[in-house]
Amino acid sequence: MTIRAPYATPTHRGVTYPGARIPSKGILRARAMAYFVLMFVLLALLPFAVVVSVVALGYVTLAVPPDVILGVGTLQALLEGMTVSAKPNPSYGPTVMLASLVALGYLAIFLTSSAVTVSVGTSSGPLVLRVLYTPVILILMVAPALRFLSGLVTTLEDHWHPGERLPSDYPA
Amino acid sequence: MRSPPLRRLSRALLVLSTLVLVAALIFLATVAYSVSEISPSGTPGTRWSDGPTAGVQGLVLTLTQNLSNPGLYPLSDVVISASLWYPGGALVHLTEAPQTLAAGGTGTLQLVLPVNTSASSRALDLLSQDATLSREVWVNASYALTFQFHLLLAGNVSWGAPFYGLSVTPTASTTTLEVAVSYHNHSSWDETGTMVATVVQAGGVACAAQTLPSLNVPPGGALDQTFPVPLPSGCDPRGGSLDLALAGPGFVLPLVEEPIP
């Protein structure tokens, strides 16, 4: 009978890191899938459902179509899941950078047309309310920008000192 | 074991990114909650007063609305513009200076509308004629420095004349001028004040004036009364005119200039 260890050998590019306890690929994939599902709900399904129900009211116009929100949200969730599975590998930093860039692009779509328009007919005439939220998008863009820098530093670290971070990322 | 410096830097950036995101989401949640708490309080107020511009005959209609802003952020740069047209011309066009409603309290937004009531103004017609007025109101405001609101309210407004069908009939005798006044109040406010009747002789010289009894005509009500204006000796009103004005707190509104047969 063969018992598979839940954790992989703490090596990286032939270098052994005795202080690291890297989860097996199976565990990493399971974590990535769970994270993807969570992110898919938070970044794609939930915003899509909210936008569709708001647009269905008939008097609210959004600058970004619901399909774009679902598509980009799904891509973002996929990349977030990939960052989890890629964490022990050198591809982690670039994956984080890519996920951050997609998040920035996602927000940039809203930035270029950051407005919600509500048009309601009243007994005395039309009422039009337009809400602009450009500063909100700019504030939200700070987080992925910082995360992009974090991914860049990790990429550089993995390039200059391969596997150096593994013992601290996966302490034994 | 202490993490490598680059790892510490990358982790610090990641933690900072998460903190910024959480702080932004908390901020947005508080903004959304605070916005939902803004509500009008009390009923809109209207007040007439004399025109502010020297040499221009007119009245000022001041519209006020109390707003409650119990939230965490101010409603700032509230700019109200309003235009009102009646058949044949513009009645009012005005942009208010920016106003601010402080956080955690109540405030009053104000719109001051000058109404030209000079003899040449068709606005005077609205005193005695019902009309459908076109209206456009714009409200721009900024909330918590992050959201900008632009509100446009357009459409028609039914105007009910406060002195609908105003009829003034002066009948002169040697010592008294009988003034019969009748009208319906089609407006939505109580008419309170006094009427001032001035007798002007044919030469243009005023020779008698009388403050008529106080008015209190509710919306939908009517007035149909005859008031005596005593004429002093030497005051012959025949061929002259009767000027009738409504006087209230802070204003005098000329209503009609009726020839005296």
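How much surface does chain A expose, and what share of that surface do carbon and sulfur atoms supply? In this predicted model, chain A exposes about 9000 Å², and 71% of that area comes from carbon and sulfur atoms.

**View 1. The fold of chain A combines helices with strands.** Five helices and five strands make up the regular elements of chain A, and when they are read along the sequence they follow the pattern β-β-α-β-α-α-β-β-α-α. Chain A has 172 residues, of which 38% count as buried. Among the contacts in chain A with a separation of 6 or more, 63% join residues that lie 24 or more positions apart.

**View 2. Chain B meets chain A across an interface.** Here 31 residues of chain B are in contact with 32 residues of chain A, and the two chains bury about 2600 Å² between them, with 68% of this area on carbon and sulfur atoms. On the chain B side, B:Leu6, B:Arg7 and B:Leu13 supply 21% of the area that chain B buries against chain A, which is more than any other three residues supply.

**View 3. Salt bridges and polar contacts link chain B and chain A.** The count of salt bridges between the two chains is two; one of them pairs B:Arg11 with A:Asp169, whose closest N and O atoms are 2.8 Å apart. Across this interface there are also twelve residue pairs in polar contact.

**View 4. Helix 1 of chain B gives the most to the side that touches chain A.** This helix, spanning 5-37, contributes 15 residues, while strand 8 (147-159) of chain B supplies at least two. The residues of this side divide into 20 nonpolar, eight polar and three charged.

Notes: Residues are numbered from 1 along each chain as its sequence is written. Chains are lettered from A and ligands numbered from 1 in the order in which they are written. This is a predicted model: local features need pLDDT of at least 70, side-chain atom pairs count only at pLDDT 80 or more; totals for chains, interfaces and linings use all residues. Side-chain values use heavy atoms; hydrogens and water are left out. Helices (H or I, at least four residues) and strands (E, at least two) are DSSP runs, numbered from the N terminus. Buried means under 20% relative accessible area, exposed over 50%, partly exposed in between (1.4 Å probe, protein chains only). Contact means heavy atoms within 4.5 Å. Accessible areas come from the Shrake-Rupley method with a 1.4 Å probe; for residues, only the protein chains shown count as cover. Buried area is the accessible area (1.4 Å probe) that two parts lose on being put together, summed over both. A salt bridge is a side-chain nitrogen of Lys or Arg within 4 Å of a carboxyl oxygen of Asp or Glu. A polar contact is a pair of N or O atoms within 3.5 Å; within protein, one must be able to donate a hydrogen and the other to accept it, and residues adjacent in sequence count only if both atoms are side-chain atoms. Ala, Val, Leu, Ile, Met, Phe, Trp, Tyr, Cys and Pro count as nonpolar, Asp, Glu, Lys and Arg as charged, and the others, Gly among them, as polar.
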